[in-house]
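Dear colleague,

I am passing a structure on to you. Please open it and keep it beside this message while you read.

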Amino acid sequence: MNVLFDADVIKYKATLILKGAAGETLPANITVEAAGQDAASIYDFSGTKKIYAPAGVITLGVTPKDIPTASKTLAFNVKITAPGYEDKNIEMTIAENQFSQVIEVTMLKTVLPTEASVVKIVEAALSPTGATTAPISIVTPVNGDVEQSTSITVPTGTQFKDAAGNVIVGSAVTAQAINFDPSDPLSVELFPAGSLSSSNVVLPNGQTGEAFFLPAGFTDIQMFVGGVEVKNFTNPISISIGLDPDFRPQATGLPLAVGDKLGIYAYRTEVGQFTYEGEGTVALVNGKLTVTFSTNHLTVFIVGDVVVKPASCLDPSLTFSAPWMTNGATEPMTLEIYDTSDKLLATGPTIVSNGKVEVLTGLPSFAVKFKLVNNAGKVLASGNITDPCAGGNINVTVDNPGSNVQSISLILNVKCPNKGFIIVPNFDLFYKPAGAPASAYTLLGTTSQGVLRTTLLTIGASYDFRATWNNQIKEVKGRTITSADMSTVVGENDFLGDKSPAFNKSLLIEACKGF
């Protein structure tokens, strides 16, 4: 009698892939926390309540007793912090039959400029009571990438308060301002919460709803006194945000002009909420269109338009038709969303296979266009969505990329000591050409019960592979694809990778304990 143990108990999985905005390697000490409405149902995919991010990959799972249903979509937030980086608070939903999703999260190192952002840091002395002795001025620089600027003025005699409203006494204040160019495609990834869409927006009428942001300018301002973060002031400060000259207000549809009115919103990362602050009037300052306002608190500030989504809005879906992807093969691609003037509104990874249905969440309520782009940068499909709130399904034909496509199967069989073969949990597999730097690792796909079929590998070529589980990183280097079906057994006396057999055996025994 052969007994097969099923370790694949968590059926709903979400993967967040973190990357540095300037292409840098992220630190290892990344902290991840699930928060919000259904956070109690969310675990690390390995089954622990503590969530890990080995190699910048976060894999979440839904406890089997709380799986989503037709009447219950799980909603929660993922808070991500890394030393020296802007905190992220990503809104997440997992719907019925949405067994797997992949989200890319761009982390911004606060002192490092990018093609879509610039930073300015100023330090100023304070009086013995922690008050400014002269006006403090912070002006972000302009360059060939970011032509807009943010300027902040803190008046004389201003004291700084912490989150509890207490005055912070210190000898100096450090002020940092990051200004973003909303016309740069990278700014979409750097926008608060990682998306222009949010379901947690306090609107001008005081109600909270779902909305889509069209920013004309945005900036992140932080100040610290004695290492304590400043949240409020005893006197209002002045902020001027330079605007994208190509921005067109929704109210007029015309080029931005002096006298136009734009909404001002604040974003609180710790709670993941946008709040309407008021309305600003566009003026010409030093020859550039600018909105100036005063505030008594610090946060991320956004100037622009917000399109509120109706409560009756239904998300549309795409069904991919790719008959050239044979034998259940998959391929990670990038799905891009544009407005009708070809401005990028959203971008993110999706794993494509023949017949797969992709639900499009977070779209605006106005007409958009989409493109499906493969890893080589080739557009394999495109189309229009006239009414993103009408729901329904759109059939999408995915073009053959034109090369000699091969469907390769990678099969992993795991034999636990004293238990025999098990059905392994699903996991994400990354790959790169053998010997390439670690930064070259990219998503190959998701294994399903130990099997991954892909169109991205070539017979005769050698690759390095990487997978993560819990806080462990496993690499298999220099693996040559010798046939269309690559099957491997890992057991008590079998091992993969460059670790010693004894290490692999102990790791296997430990991993098998819970199965």
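Below are notes on one residue and on one sheet.

Please bear in mind that this is a predicted model.

The residue is Thr290, which belongs to strand β20, a strand that covers residues 288-297. Thr290 has a relative accessible area of 7%. It counts as buried because that value is under the cut-off of 20%. Outside its neighbours within four places in sequence, Thr290 touches two stretches of the chain. Ser240, Ile241, Gly242 and Leu243 are among its contacts, and so are Thr281, Val282, Ala283 and Val285. For Leu243, the C-alpha atom is 5.5 Å from that of Thr290, although 47 residues separate the two in sequence. The side chain of Thr290 also has a polar atom 3.1 Å from the backbone oxygen of Lys288.

The sheet is an open one with three strands, ordered β25-β22-β28, and its pairing is mixed. Strands β25 (357-359) and β28 (393-397) are at the edges. Each of these two has a single partner strand, so one side of each has no neighbour in the sheet. On average, neighbouring strands here are turned by 25° against each other, with direction ignored.

Strand β22 takes in residues 317-321. Its link to β28 consists of five bridges, and β22 and β28 run parallel. To find this pairing in the viewer, look at Ser321, which stands opposite Thr397 of β28.

Regards

Notes
Residues numbered from 1 in each chain as written. Predicted model: local features only at pLDDT ≥ 70, side-chain atom pairs only at ≥ 80, totals over all residues. Heavy atoms only, no water. Helix = DSSP H or I, 4+ residues; strand = E, 2+ residues; numbered from the N terminus. Buried < 20%, exposed > 50% of the residue type's maximum accessible area, 1.4 Å probe, protein only. Contact = heavy atoms within 4.5 Å. Polar contact = N/O pair within 3.5 Å; in protein donor to acceptor, adjacent residues only side chain to side chain. Pairing = 2+ DSSP bridges. Axes fitted to C-alpha atoms, helices over the stretch in contact; angles between N-to-C directions.
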